[in-house]
Amino acid sequence: METKPKPINKKRPNPIDAHVGSRVRLRRMMLNMSQEKLGEQLGITFQQVQKYEKGTNRIGASRLQAIANILQVPVAFFFEDAPDVSPIAKEGFVESGATSHVMEFLSTNEGLQLNRAFVKIKDAKLRKSVVDLVRSMAGDIEE
């Protein structure tokens, strides 16, 4: 009796599914909505919302439309800055992944809180001072 060997690496989420999920999380957090609340409005569990946000489970078209309605954005919002997985992208003719790092940061509690607080600063000189302070703390001397 032979047993099949288990795969060493589990299948990774599709980059588009992961991106759409991260955009769902970003918008949900922008609205200060919990996973439980979103799940309740969709008629699913918060665990399912977690799987969507991680890209583990794909979001079907009708479910994505429902999420867009609840989060008050057009469906296209979830695809903004999506990674290009076309053959051309694989050959290196697209921009760097800098945008995805920004989206990852904005999807965190700290990123969202920092962004919300920063945009409330009305004085342009003070905003520049905050940027300079953060850069110096990070050891980044680029302008």
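At what angle do H1 and helix H3 pack, and how far apart are their axes? The legends below, which begin with that pair, describe a predicted model.

**View 1. Packing of helix H1 (residues 15-30) against helix H3 (residues 46-54).** The two helices pack at an angle of about 120 degrees, and their axes are 5 Å apart. Angles from 65 to 115 degrees count as roughly perpendicular and those over 145 as roughly antiparallel, with the rest oblique above 35; H1 and H3 are therefore oblique to each other. On the H1 side the contact is made by Asp17, Ala18, Gly21, Ser22, Val24, Arg25 and Arg28, which meet Tyr52, Glu53 and Lys54 of H3. Sorted by type, the residues of this contact are three nonpolar, two polar and five charged.

**View 2. Surroundings of serine 22 in helix H1.** A polar atom of the serine 22 side chain lies 2.7 Å from the backbone oxygen of histidine 19. When neighbours within four places in sequence are left aside, serine 22 is in contact with Glu53 and Ser107. Glu53 is also among the H3 residues that meet H1.

**View 3. Packing of helix H2 (residues 35-42) against helix H4 (residues 61-71).** Here the axes are 10 Å apart, and the packing angle is about 120 degrees. H2 and H4 are therefore oblique to each other, and their crossing is right-handed. Leu38, Gln41 and Leu42 are the H2 residues in this contact, and they meet Arg63, Ala66, Ile67, Ile70 and Leu71 in H4. The contact residues divide into six nonpolar, one polar and one charged.

**View 4. Helix H8 (residues 124-138) and its two ends.** H8 has 15 residues, and at 1.5 Å a residue they should span 21 Å. The C-alpha atoms at the ends of H8 are 21 Å apart, which agrees with that expected span. At the N-terminal end, aspartate 123 caps the helix, with a side-chain oxygen 2.9 Å from the backbone nitrogen of lysine 125. Just after H8 comes glycine 139, which takes a positive phi of about 80 degrees.

Definitions and conventions: Residues are numbered from 1 along each chain as its sequence is written. This is a predicted model: local features need pLDDT of at least 70, side-chain atom pairs count only at pLDDT 80 or more; totals for chains, interfaces and linings use all residues. Side-chain values use heavy atoms; hydrogens and water are left out. Axes are lines fitted to C-alpha atoms, for helices over the stretch in contact, and angles run from 0 to 180 degrees between N-to-C directions. Helices (H or I, at least four residues) and strands (E, at least two) are DSSP runs, numbered from the N terminus. A crossing is left-handed if the near helix is turned anticlockwise from the far one by less than a right angle, and right-handed if clockwise. Contact means heavy atoms within 4.5 Å. Ala, Val, Leu, Ile, Met, Phe, Trp, Tyr, Cys and Pro count as nonpolar, Asp, Glu, Lys and Arg as charged, and the others, Gly among them, as polar. The expected span of a helix is 1.5 Å times one less than its number of residues. A polar contact is a pair of N or O atoms within 3.5 Å; within protein, one must be able to donate a hydrogen and the other to accept it, and residues adjacent in sequence count only if both atoms are side-chain atoms.
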